[in-house]
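Here is a short tour for anyone meeting this protein for the first time. Have a look at the model, then read on.

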Amino acid sequence: MKVDRIILRFVRIPLKFEFQNRWQRIRDWTKLIVELRSGDLVGYGECTAMETPYYSYETIDTAWWVITRWLAEPMLRCQFGHPAEVTEAFRLINGHHEGKAALECAFWDLWSRAGSLPLYQAVGGQRRPVRSGATVGIQDDLETALRLAGSAVEAGYERLKIKIKPGWDRELLAAVRAAFPRVTILGDANGAYGEGDIGWLAGLEKFAPIIIEQPFPAGAWTHFASLQARTCTPICLDESISGLEDLEQMIQLQAGRLVNLKIGRVGGIRDAIRIHDRCAEAGIPVFVGSKAEMGIGRWVNIALATLDNVRYPSDVPASDRYFVSEIVRDPVILSGPGLVEPLPGPGFGTEIDSANLSKYTVRSLSIPD
Ligand code: MG
């Protein structure tokens, strides 16, 4: 199968409420949407990179640049028999996982649609309900955090991800734990702590037995291993795992017990599946993470979350938890309390809402033009 045109779009949609993590307050979200054409067939992919270089050095601008300058040429030149071959075509280009994944995801969609195959089946999953978790960003006060956590639990979400940072952790987590004793809680630090905080973090389990996600920066392997050795609290790695080599490091150093699997961070669906499979072999459960994707990315995450070793609720809440509108005809909705389910249609399961895609597009480029 050969791609004959790539169309890139920056798409900006307002959020329903202001979201805050440890770096920024966000009122609207701009994502890079990739369209691939092959004859009459069309496939779409969503780049999961953010606008800012805080979570990772990659942004929607670096992805746009690397696709136009370096990735479009091999993408348009090569014949692909299967989507897993796309990553190979990019192998000489270092890093830039987000840009590579955006093209690769779009090709999985294109290829699946050509064969009338739902994406969940193409990736080796099966159609089943997927447990979804909700995220509570950093708030100005405890009361607001508890209120937001409460509304998520009421909607049926079985897992709460609470964003934490130094000074906004123990009291918050203990309060959420006490208010919702049966819900799985992850305190996600996005690398906000350092070596000097190992004792403090190990002590958190006395106040609030939870899972701690990415307490230290990505490469701080010895800190993760020291903390995991000092606490029964499972440590979950997110930013640290950008490929199989990182996972081997985690296993060898016993630097964590859970993996947050993100397609963009690891360079695409093929490598996400490989990491999922290696985790299964090593007895490490995973869940599928997200960076508040729009509909395309959200449905792709749900397809991946149907794999066997996705044993914790994933970051795949309903579209309307965040966005005022969607660019797909079928937004993600809950199919039961805290549950979402892949659609039976080919590719990611639904069609693009062309009117909304045009309405929210702020920049576009066709290659070749
Ligand atoms: Mg995280």
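## Where S6 meets S7

Let's start with one pair of residues: Leu160 has Ile185 in S7 as its bridge partner. The two strands involved are S6 (residues 159–163) and S7, and they pair in the parallel sense over 5 bridges. Strands count as paired here if DSSP finds at least two bridges between them. The names come from DSSP runs numbered from the N terminus, with helices being H or I runs of at least four residues and strands E runs of at least two.

Before going further, a word on the ground rules: this is a predicted model, where local features need pLDDT of at least 70 and side-chain atom pairs count only at pLDDT 80 or more, while totals for chains, interfaces and linings use all residues. Residues are numbered from 1 along each chain as its sequence is written, and side-chain values use heavy atoms, with hydrogens and water left out.

What joins up with S6 and S7 to make a right-handed β-α-β unit? That would be helix H6 (residues 170–179). Right-handed means that, with the strands pointing away from the viewer, the path from the first strand over the helix to the second runs clockwise. As for cover, S7 is mostly tucked away, with 4 of its 5 residues buried. Buried stands for under 20% relative accessible area, exposed for over 50%, and partly exposed for anything in between (1.4 Å probe, protein chains only).

## The sheet as a whole

Now zoom out. S6 and S7 belong to an open sheet of 7 strands, ordered S5-S6-S7-S8-S9-S10-S11, with parallel pairing. Strand S5 (134–136) and strand S11 (286–288) stand at the edges with a single partner strand each, so one side of each has no neighbour in the sheet. From one strand to the next, the twist averages 25°; axes are lines fitted to C-alpha atoms, for helices over the stretch in contact, and angles run from 0 to 180 degrees between N-to-C directions. As background, strands of a sheet pair through backbone hydrogen bonds, either parallel or antiparallel.

At the S5 end, S5 and S6 pair in the parallel sense over 3 bridges, and Val136 has Ile162 in S6 as its bridge partner. On the other side of S7, 3 bridges join S7 to S8, again running parallel. There, Gly187 is partnered by Ile212 in S8. S7 and S8 also make a right-handed β-α-β unit with helix H7 (residues 198–207).

## Towards the S11 edge

Strand S9 (residues 235–237) runs parallel to S10, and 2 bridges join them. Cys236 has Leu258 in S10 as its bridge partner. Helix H9 (residues 244–253) completes a right-handed β-α-β unit with S9 and S10.

Is strand S10 (residues 258–261) covered on one face or on both? Both: Leu258 and Asn260 are buried on one side, and Val259 and Leu261 on the other. S10 is also joined to S11 by 3 bridges, in parallel, with Asn260 standing opposite Phe287 in S11.

## The magnesium ion

Which residues hold the protein donors of the magnesium ion? They are Asp188 (OD), Glu213 (OE) and Asp238 (OD), lying 2.1 to 2.4 Å from the ion. Donors are N, O and S atoms within 2.8 Å of the metal (3.2 Å for Na, K and Ca), and sites may look incomplete because water is not among the atoms.

Along the chain, the donors follow the spacing D-x24-E-x24-D. Asp188 in strand S7 (residues 184–188) and Glu213 in strand S8 (residues 211–213) are 25 residues apart, so to speak a link between distant parts of the chain. Asp188 is buried, with a relative accessible area of 1%, and Glu213 is buried too, at 0%.

## Other spots to look at

Gln24 sits in the loop between strand S1 (5–20) and strand S2 (25–38). It counts as buried because its relative accessibility is 17%. The Gln24 side chain makes a polar contact with the side chain of Thr52 at 3.1 Å. (A polar contact is a pair of N or O atoms within 3.5 Å; within protein, one must be able to donate a hydrogen and the other to accept it, and residues adjacent in sequence count only if both atoms are side-chain atoms.)

Finally, helix H12 (residues 295–304) is mostly covered, with 10 of its 10 residues buried. Among them are Arg298, Trp299 and Asn301.
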